[in-house]
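Trainee: Could you take me through one part of this model in detail? I would like a close look at the second largest cavity, and which residues line it.

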Amino acid sequence: MTAVDDARALLARPAVGVWSAPGRANLIGEHTDYNEGFVLPFAIAQRTVAAVALRDDDVIRVRSTFAPGSVEVSLAELDARIAAGGLDWAGYPLGVAWALRTAAPDAAPRGVDIALASEVPVGAGLSSSAAIEGAVASALNDVWNAGLDKIALARVGRTAENDAVGAPTGIMDQMASMLGEADAATFLDCRTLETRPVALGFDEAGLAILVVDTLVEHAHSSGGYRERRASCEKGAAAFGVPALRDLTVDDLPRAAEILDDVTFRRVRHIVTENQRVLDTVAALDADGPTAIGDLLTASHASMRDDFEISVPELDLAVETALSVGALGARMTGGGFGGAAIALIPTELVPAATEAVHAAFAASGFRAPNVFTVTPSEGARRDA
């Protein structure tokens with residue numbers, strides 16, 4: 001059974017259509033998105049599927065394979081239910097419906113049943129939330145005749161995550177999920193939303209991206225994420241600039257003078273991470289994927305030491321992958337848990353997988369989930 005089959009079966013009614021959107025892995029550029037900086041994510045093959053049937057009333061009913069029961073909200077009550085909160089996983093699809101009505105005032109909302117099935121690991125830093133948002137936004141865009149393009153739908157997903165769910169994330173995840181292309185990453189300027197695909201060429205170079213899902217769960221709406229964002233805003237205010245995007249590495253000596261130690265280190269991560277993204281794109285364009293390993297590893301050190309969002313399991317995953325022969329490795333996602341990625345010769349994937357499991361066992365950590373991901377296509381209608 002595929003996720004499409006699972007979603008259709010859960011719907012238990014003839015579907016008017018099936019839509020899907022992928023999770024994403026971020027090659028480099030962490031926490032730079034809400035600082036109006038640069039990111040380089042790619043969509044992965046694992047997807048979330050939304051099967052949709054039309055209703056004769058104004059009720060939106062959502063159910064999923066990853067949570068029991070269903071949640072029903074009428075369109076007339078949607079604003080109040082979103083404002084009240086407490087919707088748990090249903091806040092993502094219902095938040096998309098709520099945000100889409102505002103983004104597309106000429107749309108024709110109507111009642112729908114939505115059944116979701118997902119292949120994207122939850123809590124792994126692979127943006128299972130953006131996959132839900134992208135699948136539901138794509139579906140409702142068609143069913144409600146909203147007429148929005150993919151960038152507008154990414155904005156709808158961000159609004160749902162920020163304002164309906166309460167997670168203060170940027171727009172990277174939604175853009176990657178909507179715009180992904182096979183064998184390419186999406187270079188995104190988070191200020192202008194300008195994008196371009198960047199060829200990755202992993203297969204041709206004999207490389208793979210290995211994911212080590214530590215199974216340490218994180219939540220973007222938790223305090224640690226909010227504190228990091230507040231520190232970034234404090235640093236930008238100290239320089240009188242709209243966002244840390246406006247600082248360069250040449251500004252760091254001055255930052256060290258005028259900021260407290262913690263705020264300085266948060267700022268230093270963002271400023272240097274933006275530069276690492278630019279350097280990674282340049283290296284991929286000029287020399288291919290074998291040239292980016294050191295940049296990935298430097299990114300992890302910055303997140304571990306300056307932004308302080310790593311955990312021991314992530315550090316162990318990175319160290320172990322490097323010891324086996326990975327060209328570079330880093331945690332990916334918002335931090336405080338989730339997954340690490342390693343750029344590694346394909347023939348070393350079995351040895352690295354075995355070594356990571358052994359290292360986690362020796363440290364008394366829960367056994368991780370280790371798998372590879374492939375740069376893949378973004379949101380689409382499947383049927």
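Mentor: Happily! A130, E133, G134, A137, L153, A154, G157, Q174, S177 and M178 line the second largest cavity. A cavity here is a set of points, on a 1 Å grid over the protein atoms alone, where a 1.4 Å probe fits but cannot get out, and a lining residue has an atom within 4 Å of a point. Please keep in mind that this is a predicted model, where local features need pLDDT of at least 70, side-chain atom pairs count only at pLDDT 80 or more, and totals for chains, interfaces and linings use all residues. Residues are numbered from 1 along each chain as its sequence is written, and side-chain values use heavy atoms, with hydrogens and water left out.

Three helices each supply at least two residues of this lining: α4 (128–143), α5 (150–165) and α6 (172–179). Helices are DSSP runs of H or I with at least four residues, strands are runs of E with at least two, and both are numbered from the N terminus. The largest share, four residues, comes from α4.

By class, the lining of this cavity has five nonpolar residues, four polar and one charged. Ala, Val, Leu, Ile, Met, Phe, Trp, Tyr, Cys and Pro count as nonpolar, Asp, Glu, Lys and Arg as charged, and the others, Gly among them, as polar.

As for volume, the second largest cavity has about 40 Å³, and the structure holds two cavities of 30 Å³ or more. A volume is the space filled by probe spheres set on the points, with grid points joined across faces, edges and corners.

It may help to set an open space beside this enclosed one. The second largest pocket has a volume of about 170 Å³; a pocket is an open set with protein on both sides within 12 Å along at least five of seven lines. Two strands, β8 (207–213) and β11 (369–373), give two or more residues each to the lining of that pocket. β8 provides the largest share, three residues. Around the second largest pocket you will find D183, F202, D203, L207, A208, I209, T346, T372, V373, T374 and P375, which divide into six nonpolar, three polar and two charged residues.

So, back to your cavity: α4, α5 and α6 are the helices to follow on screen, with A130 and M178 among the lining residues to pick out.
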